[in-house]
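Hi,

Here is the structure I promised to pass on. Have a look at it first, and then read my notes below.

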Amino acid sequence: MEAERLIGLGRQALAESGTAQDIVAEAWQAQALAQAIGNRLALCGPQELRGEARGLSETGDSPAWGPGGPRAARLTEVADPHGALTALGALLGEVGIALVGVACATDEEGLYWACIEAIDAADESSDRVRGMLHRLAVRDGERARPPDPARGRAGPGRGPS
């Protein structure tokens, strides 16, 4: 399944989460998806993203998955790296907000620390995603910039007299 479609499913599942445990589970689903997208981009994404994508693929330690496994296992392609990273960044932001809400509302110490761990993983992944989006913007800006015909030539008032 294409990355942006899986991200959309994750956003929908997070929005429909009914309990604190569901929110934490969806946070780890999002983290697994970030890792899978990072892995895919590290293998066959744009060259300038591969190092940062490798780092994304290694962020956070996901919990042991049940028989269904993570939703991210269905990832087959990242057709539009910029679109997928933008959508993933939005999902990770939503996850962070939801986890902060759970952490602030709970009196259960175990749930609180599970939220903090998931927040840290989402934050680290968000940083990596922003870095990759920046690299794409730099690359695209360089391609869009017209060549400078004066570069390398002495203009009026420049150079030896």
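To start with the overall picture, 39% of the 161 residues in the protein are buried. Please keep in mind that this is a predicted model, not an experimental one. The protein is built from five helices and has zero strands, so if you walk along the sequence you just get α-α-α-α-α, given that helices and strands here are DSSP runs. Of the contacts with a separation of 6 or more, 81% are between residues 24 or more positions apart. The exposed surface comes to about 9100 Å², and carbon and sulfur atoms supply 51% of that.

Now the salt bridges, which you may want to click through one by one. As a reminder, side chains of opposite charge can pair when their charged atoms come close. A search of the whole structure turns up six salt bridges, and I'll go through some of them here.

One of them joins the side chains of Arg11 and Glu94, with 2.3 Å from N to O. Arg11 sits in helix α1 (residues 3-15) and Glu94 in helix α4 (residues 81-105), so this pair ties together parts that are 83 residues apart in sequence. What about their exposure? Arg11 counts as partly exposed because its relative accessibility is 33%, and Glu94 is partly exposed too, with a relative accessible area of 29%.

Another one is between Glu48 and Arg139, where the closest N and O atoms are 2.8 Å apart. This pair also links distant parts of the chain: Glu48 is in the loop between α2 and α3, Arg139 is in helix α5, and the two positions lie 91 residues apart in sequence terms. Arg139 has a further partner, since its side chain meets that of Asp140 in a salt bridge (3.1 Å, N to O). Through these shared partners, Glu48, Arg139 and Asp140 form one network. On the exposure side, Glu48 is partly exposed, with a relative accessible area of 29%, and Asp140 counts as partly exposed at 34% relative accessibility.

There is also some charge outside the salt bridges. Which residues make up the patch of negative charge on the surface? They are Asp61, Glu117, Asp120, Asp123 and Glu124. Take Asp120 from that group: it lies in helix α5 (residues 109-144), and because its relative accessibility is 49%, it counts as partly exposed.

Helix α5 has a buried side to show you as well. Ser125 lies in that helix, and at 0% relative accessibility it counts as buried. Leaving out residues up to four places away in sequence, Ser125 touches Gln31, Ala34, Leu56, Thr59 and Leu92. With Thr59, the C-alpha atoms are 6.3 Å apart in space, although the two residues are 66 apart in sequence.

Gln31 is worth selecting next. You'll find Gln31 in helix α2 (residues 20-44). Is Gln31 buried or exposed? Its relative accessibility is 2%, so it counts as buried. Apart from neighbours within four places in sequence, Gln31 is in contact with Thr59, Gly60, Ser62, Ala121, Ala122 and Ser125. Thr59 thus turns up in the contacts of Gln31 and in those of Ser125, by the heavy-atom cut-off of 4.5 Å.

Finally, two loop residues. Gly45 has its place in the loop between α2 and α3 (50-57), and with a relative accessible area of 9% it is buried. Once residues up to four places away in sequence are set aside, Gly45 touches Arg40 and Arg50. Its C-alpha atom is separated by 9.6 Å from that of Asp80, which is 35 residues away along the chain.

Ala73 is in the loop between α3 and α4. At 63% relative accessibility, Ala73 counts as exposed. The C-alpha atoms of Ala73 and Ala36 are 7.6 Å apart in space, with 37 residues of separation in sequence.

Cheers

Terms used
Residues are numbered from 1 along each chain as its sequence is written. This is a predicted model: local features need pLDDT of at least 70, side-chain atom pairs count only at pLDDT 80 or more; totals for chains, interfaces and linings use all residues. Side-chain values use heavy atoms; hydrogens and water are left out. Patches are made of residues with over 30% relative accessible area and no salt bridge: like charges are joined within 9 Å, nonpolar side chains (Val, Leu, Ile, Met, Phe, Trp, Tyr) within 5 Å. Accessible areas come from the Shrake-Rupley method with a 1.4 Å probe; for residues, only the protein chains shown count as cover. A salt bridge is a side-chain nitrogen of Lys or Arg within 4 Å of a carboxyl oxygen of Asp or Glu. Lys and Arg count as positive and Asp and Glu as negative; His and the chain ends are not counted. The place of a charge is taken as NZ of Lys, CZ of Arg, CG of Asp or CD of Glu. Helices (H or I, at least four residues) and strands (E, at least two) are DSSP runs, numbered from the N terminus. Buried means under 20% relative accessible area, exposed over 50%, partly exposed in between (1.4 Å probe, protein chains only).
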